[in-house]
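Biologist: I am new to this structure and would like to learn how to read it. Could we go through it feature by feature?

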Amino acid sequence: MARRQATPATTLLNRQQVRYRTHPYDVPVDAPNYGALVAATLGLPADRVFKSLVAVVDGALTIVVVPVTGELGLKALAAAVGAKRAVLADRATAERATGYVRGGISPLGQRRNLPTVLDESALHHETIYVSAGRRGLQLELAPQDLVALTNARTARVASA
């Protein structure tokens with residue numbers, strides 16, 4: 001892999017000897033439907049491209065990985081982890097906790113290991129795409145590897 005593409009996420013994958021591929025793309029970060037546009041730019045079915053969101057679940061930060069085609073169901077997220085309430089974290093909190101910027105938040109290689117919930121739809125694919133930890137770069141990896149590396153819980157947390 002080119003050194004300029006190294007991120008904390010790819011460094012973790014290399015250290016753990018996990019198979020992955022990187023896919024660069026060029027999409028303006030402020031574009032409407034950013035995730036769907038990334039999928040279209042890469043020529044991928046949008047249900048295989050996942051976005052990483054940071055939520056506050058009963059006061060604790062949690063990473064939630066959902067398809068770019070859907071919306072996060074906050075009630076479903078709370079129920080999936082046995083909590084009463086979930087809300088999206090504000091941008092500054094998400095960036096500070098993960099060490100990544102919006103549009104480039106990866107579920108891997110974050111500043112702090114946060115609890116992770118992966119939408120169960122990911123398990124229907126041989127590989128999925130998530131941010132590599134910077135805008136303009138996606139990782140392709142097996143969803144089972146993502147679950148193993150993040151100790152993620154899988155649940156239906158996205159709505160179409």
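Modeller: A definition comes before the sheets: two strands pair if DSSP finds at least two bridges between them. Keep in mind that this is a predicted model.

Biologist: How many bridges join strand 6 to strand 9?

Modeller: Strand 6, residues 116-119, is joined to strand 9 by 3 bridges, and the two run parallel. One bridge partner pair is Leu118 and Thr154, the latter in strand 9.

Biologist: What is the general idea behind such pairing, and in what order do the strands of that sheet lie?

Modeller: Strands of a sheet pair through backbone hydrogen bonds, either parallel or antiparallel. Here 5 strands make an open sheet, ordered 5-2-3-6-9, with mixed pairing. Its edge strands are strand 5 (86-88) and strand 9 (153-155), and each pairs on one side only. From one strand to the next, the twist averages 35 degrees.

Biologist: What is the strand order of the sheet of 3 strands?

Modeller: That open sheet has the order 1-8-7, and its pairing is antiparallel. Strand 1 (21-24) and strand 7 (128-134) each have a single partner strand, so one side of each has no neighbour in the sheet. Neighbouring strands in this sheet are turned against each other by 35 degrees on average, with direction ignored. Between strand 1 and strand 8, residues 137-141, there are 4 bridges in the antiparallel sense. Arg21 is placed opposite Glu140 of strand 8.

Biologist: Which helix packs on this sheet?

Modeller: Helix 1, residues 8-15, packs there and touches strand 1, strand 7 and strand 8. The direction of helix 1 makes about 25 degrees with that of strand 8. Thr10 is part of helix 1.

Biologist: Is Thr10 buried or exposed?

Modeller: The cut-off needed is that buried means under 20% relative accessible area, while exposed means over 50%. Thr10 has 0% relative accessibility and therefore counts as buried. Sequence distance and spatial distance are read separately: Thr10 and Tyr20 are 10 residues apart in sequence, and their C-alpha atoms are 8.6 Å apart.

Biologist: Which residue can I use as a case of an exposed position?

Modeller: Ala79 is exposed, because its relative accessible area is 58%. Ala79 lies in helix 3, residues 74-80. From Ala79 to Leu53, 26 residues apart along the chain, the C-alpha separation is 17 Å.

Biologist: Which residues of helix 2 are buried?

Modeller: In helix 2, residues 34-42, the buried ones are Tyr34, Gly35, Val38 and Ala39. Viewed down the axis of helix 2, they fall within an arc of 140 degrees, so they line one face of the helix. Strand 8 is included in what covers these buried residues. After helix 2 comes Gly43, with a positive phi near 70 degrees.

Biologist: How should I read a nonpolar core, and which members of the largest one touch the most others?

Modeller: In soluble globular proteins, nonpolar side chains tend to be buried together. The largest nonpolar core here has 27 residues, and Leu108, Val130, Leu139 and Leu141 touch the most other members. Two or more residues come from each of helix 1, strand 2 (50-57), strand 3 (60-67), helix 4 (91-98), strand 7 and strand 8. Another core, of 14 residues, lies apart from it and has Val57, Leu72, Leu77 and Ala83 among its members. As for Val130, its contacts beyond four places in sequence include Phe50, Val65, Pro107 and Leu146.

Biologist: Now a polar residue. Where is Thr127?

Modeller: Thr127 sits in the loop between strand 6 and strand 7, and it counts as buried because its relative accessibility is 16%. The Thr127 side chain makes a polar contact of 2.4 Å with the side chain of Arg48, and another of 2.9 Å with that of Glu140. Glu140 is the residue that stands opposite Arg21.

Biologist: What does the side chain of Gln110 reach?

Modeller: The Gln110 side chain reaches the backbone oxygen of Ser106 at 2.7 Å. Gln110 is in the loop between helix 4 and strand 6, and it counts as buried at 11% relative accessibility. Beyond four places in sequence, Gln110 is in contact with Ile63, Thr98 and Tyr100.

Definitions and conventions. Residues numbered from 1 in each chain as written. Predicted model: local features only at pLDDT ≥ 70, side-chain atom pairs only at ≥ 80, totals over all residues. Heavy atoms only, no water. Axes fitted to C-alpha atoms, helices over the stretch in contact; angles between N-to-C directions. Contact = heavy atoms within 4.5 Å. Buried < 20%, exposed > 50% of the residue type's maximum accessible area, 1.4 Å probe, protein only. Polar contact = N/O pair within 3.5 Å; in protein donor to acceptor, adjacent residues only side chain to side chain. Arc of directions from axis to C-beta. Core = buried A, V, L, I, M, F, W, Y, C linked by side-chain atoms within 4.5 Å.
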